[in-house]
Amino acid sequence: MLTKNKVITTILLFFGILILINFFADRFFTRLDLTEDRQYTLSDATENILSSLDGPITVTAYFSEDLPPDIGKVRNDFKDILTEYDNASGGKIVYQFINPNKDQESEMEAGQAGVQPILVNVRERDQMKQQRAYLGAVLQYGEKKEIIPLIQPGSAMEYALSTSIKKLTLKEKTKIAFLQGNGEPTLSDMPQLNQQLSIMYDVGTVKLTDTTQIPNTYKALIVVAPKDTINPNYFHQLDNFLSNGGRILLAINRVDGDLSNASGKSINTGFENWLYNKGIEIENEFLLDVNAGNVMVQQNTGYFMMNTPVKFPYLPVITKFADHPITKGIESVTLLFASPLKISTKDSSLQVTDLAFTSEQTGFEKPPVYFDVMKQWTKSDFPVSSLPVAAAIEGNIAGSVSTKMVVFGDGDFAVSGGGRGAQKLQEDNINLMSNAIDWLSDDTGLISLRTKGVNSRPIDPDLKDGTKTLLKYLNFLLPIILIIGFGIVRYQYRRRLRNKWMNENYV
């Protein structure tokens, strides 16, 4: 029988245990991460950056409240990751959340800090209306400030935070250079790529001449889509750069297509011969792929001319990638008049990795080519499969010093053009090029974070309506059925146990 003292003691013990649990939970924060690609587990790169902090970093997060669930979840995810950063840094990440929508003063503060609102659709009283929403943050380290203007749902939060912290604490950026002077696109022709690279690198340009050498201050040289023939003497400079530990990325067009006159031709710059002597061949062929992008074709429909998208096999969409840091998290990249690679090096000291491949239905055509946009393609046009279009090479490429090189069989996949005519490229096109440059130039490991976002896993759109309906009701009813079933089993068990006790003959 419980006495008054026992009741008081039990209550005190209960609250004492709660206090101890909260005390230890506050100081020893942990949780299980069961997501597919460890979304909520900090990478080694982030851990290293946080452990090397000399002072506190203040994060002011400007996030609106009362947003639709899919957008409002971003605030919770960002707060969770900041908690992880705070614990991993030993308390050097100090953060606060401000709701700019609560008053005009807070909204002005967010705007002055560099976080601008976006418009989101909100349902209120069975009506859709647009609301100003803030989803950004400002990081402060001493006198230096870094702005994350927008954190989108599903974006790579850890990459945004870690690169911002790295940029704030970086004493000197790594230098990289783009080759110019041979018909290559300028940096202004690659605005998305240049903007992304400028976060971590000091991006410059270099021209090859008879009297100059590539400065050793550059960690990597990037060669994108040269059009003119290169002076053969300049390739000795590339070999010297590699032999001194420099790294090179080559995105080379071996063929080129012109849709305005529906023709395609070969391009000879000299890089193809230089690579061939190293056992790497960019083949003189136009790649064809069943999995391809579209071109717009004008068609006459009565009194109107309409632009209709038509699949064009000369624009292969690459979705098959090797397990490599360069391609980690990359899902789809569209190439423009690409060529396959052929690796024939017999140097056992070189490690060659094919990075990206065409689909299972692939073909090729030798230039010159005349494009027929309305051609009816057949299976016989795609007799081969899984041709490599990119490769990474490690080892003694041009001397006794181990170095790295990346080769792409297309030079235009990261070029959008300059000025008003610039087209916005899909993110994975830019990420693939950025990842390759990171692999060559950056030793921090942040390369693995750029594509570490929250992946959507929708129901397969090809499922039949009946199957979708079954899955929907199964998802709703299965937990209820399991709970009811558990209750019935437990009731039957207790009933048998009670009957057993009642039938016992006690002496």
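# Working through helices, strands and turns

Helix α2 passes α5 in a left-handed crossing, meaning that the near helix is turned anticlockwise from the far one by less than a right angle (clockwise would be right-handed). Helices (H or I, at least four residues) and strands (E, at least two) are DSSP runs, numbered from the N terminus. This is a predicted model, where local features need pLDDT of at least 70, side-chain atom pairs count only at pLDDT 80 or more, and totals for chains, interfaces and linings use all residues. Residues are numbered from 1 along each chain as its sequence is written, and side-chain values use heavy atoms, with hydrogens and water left out.

**Exercise 1. Work out how α2 and α5 pack, and which residues meet.**

Step 1: get the geometry. Helix α2 (residues 44-51) and helix α5 (residues 157-169) have axes 10 Å apart, at an angle of about 35 degrees. Axes here are lines fitted to C-alpha atoms, for helices over the stretch in contact, and angles run from 0 to 180 degrees between N-to-C directions.

Step 2: list the contacts (heavy atoms within 4.5 Å). From α2 come T46, I49 and L50; from α5 come E158, S162, I165 and K166.

Step 3: sort them. The contact splits into three nonpolar, two polar and two charged residues. Ala, Val, Leu, Ile, Met, Phe, Trp, Tyr, Cys and Pro go down as nonpolar, Asp, Glu, Lys and Arg as charged, and the others, Gly among them, as polar.

**Exercise 2. Check the span of helix α3 against 1.5 Å a residue.**

Step 1: the rule is 1.5 Å times one less than the number of residues.

Step 2: α3 covers residues 69-88, 20 residues, so it should span 28 Å; the end C-alpha atoms sit 29 Å apart, which agrees.

Step 3: look at burial (under 20% relative accessible area is buried, over 50% exposed, in between partly exposed; 1.4 Å probe, protein chains only). Buried residues of α3 include I71, V74, F78, I81 and L82, along with R75, D77 and E84.

Step 4: go just past the helix, where G90 has a positive phi of about 70 degrees.

**Exercise 3. Trace β11 through β12 to β22, and pick out the odd backbone spots.**

Step 1: strands β11 (residues 255-258) and β12 (residues 263-266) pair antiparallel over four bridges, with D258 opposite S263. Pairing takes at least two DSSP bridges.

Step 2: the hairpin has four residues between the strands, and A262 there takes a positive phi near 55 degrees. A262 counts as partly exposed because its relative accessibility is 26%.

Step 3: β12 also runs antiparallel to β22 (residues 369-370), joined by two bridges; G264 faces V369.

Step 4: P368 sits in the loop between β21 (362-365) and β22. P367 and P368 share a cis peptide bond, with omega about 5 degrees.

Step 5: in the loop between β22 and β23 (388-395) lies S386, a non-glycine residue with a positive phi near 50 degrees.

**Exercise 4. Lay out the eight-stranded sheet.**

Step 1: the order is β8-β7-β9-β10-β24-β23-β20-β17, an open sheet with mixed pairing.

Step 2: the edges are β8 (201-207) and β17 (320-321), each pairing on one side only.

Step 3: for a parallel pair, take β7 (residues 174-180) and β9 (residues 218-224), linked by four bridges; F178 is opposite I222.

Step 4: add helix α9 (residues 427-441), which packs on the sheet and makes about 165 degrees with the direction of β24.
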